[in-house]
Amino acid sequence: MKPARASVFPRTSLTMLRVGHCTHPECFALRGGAWRTGIFPALVGLIRHPSAGAILFDTGYSEHFARATARFPERLYRWTTPVTLPDSECLQTQLAAHGIAMHEVRYVFASHLHADHIAGLRDLPRATIWYGDAALRGARDASRFARLRKATLLDLLPDDFDARRCAVEALPRAALPHGWRELGGGFDLLGDGSLRAVPLPGHARGHYGLLLRHEDDREYLLAGDATWRIDGQGNATASAWPTRLLADDWHAQHDTLTRLRRVLRDGDDSCCILPSHCAGSYARLPDAMRGTR
Ligand SMILES: [Zn+2]
């Protein structure tokens, strides 16, 4: 195995978008959560890179989710987690408001293949799609019912997915900056150290986060579903037991959460973790980084 490269950390620009949400009782997802219905936004990272242009971290929901869950047994998915996608939150509408057309998105990073993270891939016709190799192999090897049980809908992958996909494991390894050493190493997506895929195993097979340095010099880990919520005191909430049914590896998920908690505990204010479904984390972002109006 080649040693990970130490590298500089060029800055990019990060804006978070809310692209729909689902609802379910908080206690189904969050350990110690209430019985009340919680709103879980699908957060998407819009990254602007000085030379690579517009890049997305995940896609959130889209109308393709409704189509992919129209029939049984997939329809059970939308019954379990009812989805709302206001017109104003559609990815195309929001990117247009930021001066970006869908065909201008050059890369999409799929943290994992759960439907709420990749439902918009079909609308990004020219994007190279970064993904975890184990995620794709696991999904393609599973039966239709096994995939559904793991919230994966292969119909959401574009017809030309195989021509546009790029497994992150095929890219050069990269060391992580000091504050993130608990998480091990990563993969250098663009070869300049600006975007590093970070393995966050457990929640789903081939689950990755994305580490970048924003214009304000703070370092952000877009953590996907490695934790559902981080509160105002910087505590990452553990998952409730029903999510065991969804998890790829419950023990690995717990280990990943422990590592994230150490980053939060030991890191300084420049290390920020953004879970994909945490409304509080979104609300605490600086105004300029909250792109959904
Ligand atoms: Zn997930």
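A colleague asks below how the descriptions of this predicted model are justified, and the modeller replies.

Colleague: What should I know about the numbering and the confidence limits before we start?

Modeller: Residues are numbered from 1 along each chain as its sequence is written. The model is predicted, and local features need pLDDT of at least 70, side-chain atom pairs count only at pLDDT 80 or more, while totals for chains, interfaces and linings use all residues.

Colleague: How many helices and strands does the protein chain have, and what makes the chain as compact as a globular protein of that length?

Modeller: The chain has 10 helices and 13 strands, where helices (H or I, at least four residues) and strands (E, at least two) are DSSP runs, numbered from the N terminus. Its radius of gyration is 17 Å, close to the 19 Å that the globule rule gives for 293 residues, so the chain is as compact as a globular protein of that length; the radius is taken over C-alpha atoms, and the rule is 2.2 Å times the number of residues to the power 0.38.

Colleague: What makes strand 11 largely enclosed by the rest of the structure?

Modeller: A residue is buried if 20 or more other C-beta atoms, placed from the backbone, lie within 10 Å of its own, exposed if 12 or fewer, and partly exposed in between. In strand 11, 6 of the 6 residues are buried, so the strand is largely enclosed. Tyr-208, Leu-210 and Leu-212 point one way, whereas Gly-209, Leu-211 and Arg-213 point the other way.

Colleague: How do you know that strand 11 pairs with strand 10 and strand 12?

Modeller: Two strands pair if DSSP finds at least two bridges between them. Strand 10 (residues 196-199) and strand 11 (residues 208-213) are joined by 4 bridges and run antiparallel, with Arg-196 partnered by Leu-211 and Val-198 by Gly-209. Strand 12 (residues 219-222) is also antiparallel to strand 11, again through 4 bridges, and Leu-210 has Leu-222 as its bridge partner there. These strands belong to an open sheet of 6 strands, ordered 8-9-10-11-12-13 with mixed pairing.

Colleague: Why are strand 8 and strand 13 called edge strands?

Modeller: Strand 8 (173-175) and strand 13 (271-274) each pair on one side only, and they are the edge strands of this sheet.

Colleague: Why can the buried residues of helix 6 be said to line one face?

Modeller: Ala-135, Leu-136, Gly-138 and Ala-139 are buried in helix 6 (residues 133-141). Seen down the helix axis, the buried residues fall within an arc of 165°, so they line one face; the arc is that of the directions from the axis to the C-beta atoms. On the other side of helix 6, Arg-140 and Asp-141 are exposed.

Colleague: What makes a group of residues a nonpolar core, and which residues touch the most other members of the largest one?

Modeller: Such a core is a set of buried Ala, Val, Leu, Ile, Met, Phe, Trp, Tyr and Cys residues joined through C-beta atoms within 7 Å. The largest has 74 residues, of which Val-44, Val-108, Trp-130, Leu-210 and Leu-221 touch the most other members. Strand 2 (residues 37-49) gives the most to this core, with 5 residues.
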